[in-house]
Amino acid sequence: MANYYSDHPEIGFYLNHPLMARIVELKEKGFADAKEYADAPVDFEDAIENYKRILDITGDVAANIIEPNSESVDLEGPHLENGRMIYASKTFENLDATRKAGLHGVSMPRRYGGLNLPNAVFSMLSEVIAAADAGFQNIWSLQSCIDTLYEFGSEEQREKYIPRVCAGETMSMDLTEPDAGSDLQRVMLKATYDEKEDCWRLNGVKRFITNGDSDIHLVLARSEEGTKDGRGLSMFIYDKRQGGVNVRHIEHKLGIHGSPTCELTYKNAKAELCGSTRMGLIKYVMALMNGARLGIAAQSVGVEQEAYNEGLKYAKERQQFGQKIIEFPAVYDMLARMKAKLDAGRSLLYQTACYVDVYKALEDIQRDRKLEAEERQELKKFQRLADAFTPLAKGMNSEYANQNAYDAISIHGGSGFIMEYKSQRLFRDARIFSIYEGTTQLQVVAAIRYITNGTYLGIMKEMLEQEVSDEMKPLKKRIEGMVAQYEAALNYVKEAQNQELQDFLARRLYDMTGDIIMSLLIIGDATKAPELFGKSAQVYVRMAEEDVMGKAIYVRHFTAEELPSFRAKEEEAGEQAEA
C-alpha cells in the first residue's frame with residue numbers, strides 16, 4: 001500500500017538533523033509531560049519514534065484517502081449556499097480522516113489536547129498532505145493560526161479556543177481587503193468597542209480569504225479611529241458561532257480548487273481582542289505571516305515531489321522512436337534537475353524549520369521562567385537565522401514548485417495538456433505559491449537587508465568550513481568559486497551607493513544567495529547520506545554554478561546609467577498601448 005511518507009526516505013532523513021536533539025529537549029521541557037500524558041515521550045529516542053508514527057499515519061491518509069479524492073475535489077470545488085461556504089463533498093471525507101487520525105492541533109501543548117510537535121515535523125506533515133492535494137493542505141495547515149493565538153492571546157482565550165482546534169475545527173486569517181492586498185497598512189475593516197455588551201464589533205469587507213468560512217478567524221481590523229497606517233490596527237478573534245459574518249462570494253480560481261477563497265462581509269460581528277491594541281500588524285501579523293510562509297514552502301516541496309513523481313512515471317512508460325523517453329538526454333536532464341531542485345529545496349525548508357523551532361521553543365519557555373544568559377543569546381541567534389532563511393525557503397521553493405510542475409507537463413508532451421492527467425492540476429495549483437503569503441518579489445524585499453549587511457555571506461563562509469566527504473570536495477571547491485563571485489557582485493552593488501540600482505538587481509542577488517546556500521546544504525546532506533542525495537548534489541551544484549556565474553556577470557556589468565533605458569521602454573510601451 002502506498003504511503004506518502006515512507007515511500008520517500010528523504011523526508012525522514014531530516015529527523016536526524018543536528019538541531020533535532022536540542023529542539024526535542026526544549027520542546028519537551030525535560031520530558032515532564034510523560035508523568036501526566038500517556039502519549040508523551042520519555043526521552044529523545046521515544047520522541048523521534050513518536051514523530052515517525054505520526055508521519056506514517058499521515059502518509060497513509062494522504063496516499064489512500066486525500067490523493068484518491070483530489071481529482072473529484074478539483075472538479076467539484078466549494079459552493080455558496082445562503083451566505084455559507086460548502087466544501088466539495090470529498091473535502092468533508094478528508095477532514096473526517098485527518099480528525100480521526102488525530103492530525104489537528106499538532107503544534108499545541110498536550111494540556112490543550114495537542115500533540116506538541118515541533119515545526120520541523122509539522123512541515124513534514126504539510127509536505128506529505130500537499131503532495132496528495134495542495135488545496136486540502138491549505139485548509140488543514142491553517143490550524144497553524146492557533147500558534148498566534150497561543151503566543152499572544154490570554155490564558156482564557158487559549159483554554160476556550162485551542163481545544164476546539166485540536167478537536168478538528170478549522171481556522172482562517174482574515175487580513176486582505178479589496179483595497180489592501182500586500183499593503184496591509186491600508187486595512188480599513190472597522191473595529192469598535194461595544195461598552196454595553198463588553199465586546200468589540202467588526203464591520204467591513206475582507207477579500208481573498210483562504211478557508212474564509214472557517215470556525216475560528218483571526219482578523220486584522222482598524223481599532224483606532226482616525227488612523228491610516230499600521231499603528232491603528234489590532235488583531236481580533238471571531239468565532240463563527242457568534243454570527244455576523246457572511247460569505248458574499250467564492251472566487252473561481254485557476255488552481256487549488258478545493259481550497260475556498262472567500263469574500264466576507266462583517267456586519268456588527270462580535271469579536272475578542274487578541275493581545276494588545278495597535279499591535280495587530282506591527283507584531284502579530286508578522287508572526288502569523290512568517291508561519292504561513294514556512295507553510296507555503298512545505299506546500300511547495302510537496303508539489304515539487306509529486307510533479308517529479310508524475311514526470312518520472314510517465315518517462316518510464318512512454319515510448320517514442322523505439323525506446324523509453326527516459327533514455328533521451330533531454331528528458332533525463334530535465335528529471336535530474338527536477339529531483340535536484342526538490343532535494344535542495346527540501347533541505348532549505350527543514351533547515352529553516354529547525355531554526356524556527358529553537359527560538360520558538362525558547363520563547364515558550366520564557367513565558368514560564370526567565371531565560372539564562374546563554375539561552376537568551378541562543379534565542380537571539382536562531383531568531384535572526386529564522387528571519388533570514390524564511391524568505392529564502394518560501395521564495396525559492398515556490399518558484400521550484402512552478403518549475404517542476406511546468407517540466408512535468410513538458411515530459412508528458414501533448415498528454416500533459418489534457419485534463420485527465422494530473423500534471424495539469426499540479427501546474428495550476430503551483431502557480432499561486434509564488435503569489436500568496438507574499439510574492440517572490442516581497443520575499444526579495446524581506447531578504448535584501450540580510451544580503452547587503454553580509455548575513456548570508458557570513459553564513460556561507462561558516463558553512464564552507466564544515467567537512468564534507470571526499471566525493472563532495474570537488475563540488476565544495478566549485479561552491480567556493482561561486483561565493484567569491486557572489487561577494488564581488490555584492491561589493492559592486494554596495495559600492496555603487498545607488499538605491500534604485502540595488503532594488504533593480506536585488507532579485508539576482510537573492511537568487512544567487514539561494515543557489516549557494518542550497519548548494520552548501522545539499523553537499524552536507526550528500527556527505528551523510530550519499531545514497532539519497534549524492535546524485536542531486538552533483539546536479540544541483542552544477543546547475544547553481546551556471547545560474548550564479550551568469551547573474552554575477554550581469555550584476556557587475558550593469559550600471560546605474562542603464563536604468564533610464566529600461567524605464568523609457570516601459571513608458572514607450574504604455575504610450576503605444578494607450579494609442
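## Helices, a covered strand and two cores

Visitor: How many residues does helix H3 have, and how far does it reach from its first C-alpha to its last?

Guide: Helix H3, residues 44-76, has 33 residues and reaches 44 Å from its first C-alpha to its last, which is close to the 48 Å expected at 1.5 Å a residue. Please keep in mind throughout that this is a predicted model.

Visitor: Where is the kink in H3 centred?

Guide: The kink is centred on Ser70 and amounts to about 40 degrees.

Visitor: And what goes on at the ends of H3? Which residue caps the N-terminal end?

Guide: Asp43 is the cap at the N-terminal end, with a side-chain oxygen lying 3.4 Å from the backbone nitrogen of Glu45. After the helix comes Gly77, whose phi is positive, near 65 degrees.

Visitor: Let's move to H13. What span should its residues have, and how far apart are its end C-alpha atoms?

Guide: Helix H13 covers residues 440-452, and at 1.5 Å a residue its 13 residues should span 18 Å; the end C-alpha atoms are 18 Å apart, so the two values agree. There is nevertheless a kink of about 35 degrees in H13, centred on Ala446, and just after the helix Gly454 takes a positive phi of about 85 degrees.

Visitor: Which residues of H13 are buried, and what do they pack against?

Guide: The buried residues are Thr440, Gln443, Val444, Ala447, Ile448, Tyr450, Ile451 and Thr452. They pack against H9, helix H11 (373-412), helix H14 (455-464), helix H15 (473-496) and helix H16 (499-528).

Visitor: H9 is on that list, so what is its length in residues, and where does it bend?

Guide: H9 has 38 residues and reaches 53 Å between its first and last C-alpha, close to the 56 Å expected at 1.5 Å a residue, and it bends by about 30 degrees at Met286. The helix is mostly covered, with 28 of its 38 residues buried.

Visitor: Take Ser300 in H9: buried or exposed?

Guide: Ser300, which is found in helix H9 (residues 280-317), has a relative accessible area of 0% and is therefore buried. If its neighbours within four places in sequence are left aside, Ser300 is in contact with Asn397, Ser398, Ala401 and Phe433.

Visitor: Changing topic, which residues touch the most other members of the largest nonpolar core?

Guide: They are Leu202 and Tyr456, in a core of 156 residues. Helix H10 (residues 329-366) supplies the largest share of this core, 18 residues. Apart from it lies another core, of 31 residues, among them Tyr112, Tyr150, Phe152 and Met171.

Visitor: What is Tyr456 in contact with, leaving aside its neighbours within four places in sequence?

Guide: On that basis, Tyr456 is in contact with Ala388, Pro391, Leu392, Ala447, Tyr450, Ile451, Tyr486, Thr513 and Ile517. Among these contacts, Ala447, Tyr450 and Ile451 also belong to the buried residues of H13.

Visitor: Now strand S6. How many of its residues are buried?

Guide: In strand S6 (residues 216-222), 7 of its 7 residues are buried. Both faces are covered, with Ile216, Leu218, Leu220 and Arg222 on one side and His217, Val219 and Ala221 on the other.

Visitor: Why do they split up like that?

Guide: In a regular strand the side chains alternate between the two faces of the sheet.

Visitor: Which strands pair with S6, parallel or antiparallel?

Guide: Strand S3 (residues 171-174) pairs with S6 in the parallel sense over 4 bridges, and there Met171 stands opposite Ile216. Strand S7 (residues 233-239) is joined to S6 by 7 bridges and runs antiparallel to it, with His217 opposite Tyr238.

Visitor: What about the loop between S5 and S6, where Asn211 has its place?

Guide: Asn211 has a positive phi of about 55 degrees although it is not a glycine, and it counts as buried because its relative accessibility is 0%. Asn116, in the loop between helix H4 (89-100) and helix H5 (119-132), likewise has a positive phi, near 60 degrees; at 7% relative accessibility, Asn116 counts as buried.

Visitor: And Asp198, buried or exposed?

Guide: Asp198, in the loop between strand S4 (190-194) and S5, counts as exposed, because its relative accessibility is 56% and the cut-off for exposed is over 50%.

Methods. Residues are numbered from 1 along each chain as its sequence is written. This is a predicted model: local features need pLDDT of at least 70, side-chain atom pairs count only at pLDDT 80 or more; totals for chains, interfaces and linings use all residues. Side-chain values use heavy atoms; hydrogens and water are left out. Helices (H or I, at least four residues) and strands (E, at least two) are DSSP runs, numbered from the N terminus. Buried means under 20% relative accessible area, exposed over 50%, partly exposed in between (1.4 Å probe, protein chains only). Contact means heavy atoms within 4.5 Å. A nonpolar core is a set of buried Ala, Val, Leu, Ile, Met, Phe, Trp, Tyr and Cys residues joined through side-chain atoms within 4.5 Å. Two strands pair if DSSP finds at least two bridges between them. The expected span of a helix is 1.5 Å times one less than its number of residues. The bend at a residue is the angle between axes fitted to the seven residues ending there and the seven starting there. A polar contact is a pair of N or O atoms within 3.5 Å; within protein, one must be able to donate a hydrogen and the other to accept it, and residues adjacent in sequence count only if both atoms are side-chain atoms.
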